[in-house]
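Colleague: I've got the coordinates open. Can you walk me through how to read the way helices pack?

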Amino acid sequence: LGQTRGLKGHEDLIDAMALVAASQPNVKCVIVGGPWIGAEQYFQSIVEYGETKLGDKIIFLGTRKDVPDLYPDFNVVVHPSHSENLGGAGESLLMEVPTIATNIGGFPDIVKPNVTGWLVPKQDPQALTIAILDALSDTERAHKMAQEGARQLKQSLDVRKTSKDVFDFYNKIRV
């Protein structure tokens with residue numbers, strides 16, 4: 001209630017990309033995903049906002065079933081959510097794409113600053129801008145962090161390891 005911006009942070013990303021585009025005129029912002037049932041009007045407002053701020057520098061792909069196939073074409077993936085679990089950050093890291101996320105929910109568990117990606121405060125387009133420009137300016141470093149993110153995520157989410165950890169925990173607390 002009383003929210004003026006959506007929980008996924010689209011507006012924050014659009015604001016940040018307007019700043020990025022000022023110094024990187026060839027950059028494009030690609031938004032993947034479409035509206036949930038009942039959110040069509042909000043989605044349309046995001047499209048209009050993006051086109052007003054970015055013109056032809058923003059592309060809305062809508063709902064896709066081939067998202068993993070898109071990742072190799074992205075230089076960086078941004079998850080500007082205001083509320084999230086591991087979300088798409090896990091997916092982009094597993095695909096070894098440089099990842100920027102907000103410092104909320106489960107993101108900090110997998111996106112570790114200067115190790116596996118960039119974390120920024122939620123609702124902070126300026127911080128997003130800085131992170132995006134950093135990722136774009138040093139692509140070799142960005143890809144090394146993404147590879148480390150994939151390595152760490154595969155290790156921490158390995159079902160053999162996690163099931164053993166849970167089993168050990170239950171044995172430890174068992175009376």
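Modeller: Sure. Two packed helices are described by the angle between their axes and the distance between the axes. Here the axes of helix H1 (residues 10-23) and H2 come within 9 Å and cross at roughly 10°. That makes H1 roughly parallel to H2 (angles under 35 degrees count as roughly parallel). Axes are lines fitted to C-alpha atoms, for helices over the stretch in contact, with angles from 0 to 180 degrees between N-to-C directions. Helices are DSSP runs of H or I with at least four residues, and strands are E runs of at least two, numbered from the N terminus.

Before we go on: this is a predicted model, where local features need pLDDT of at least 70, side-chain atom pairs count only at pLDDT 80 or more, and totals for chains, interfaces and linings use all residues. Residues are numbered from 1 along each chain as its sequence is written, and side-chain values use heavy atoms, with hydrogens and water left out.

Colleague: Which residues in H1 meet H2?

Modeller: His-10, Glu-11, Ile-14, Asp-15, Met-17 and Ala-18 do, against Tyr-42, Ile-46, Tyr-49, Gly-50, Lys-53 and Leu-54 in H2; contact means heavy atoms within 4.5 Å.

Colleague: And how do I read the sheet?

Modeller: Look at strand order and pairing. This one is an open sheet of 3 strands in the order E3-E4-E5, with parallel pairing (two strands pair if DSSP finds at least two bridges between them). Strands E3 (77-79) and E5 (118-120) are the edges, each pairing on one side only. Strand E4 (residues 99-102) pairs with E5 over 3 bridges, and Ala-101 stands opposite Leu-119 in E5.

Notes: Parallel < 35°, antiparallel > 145°, perpendicular 65-115°, else oblique.
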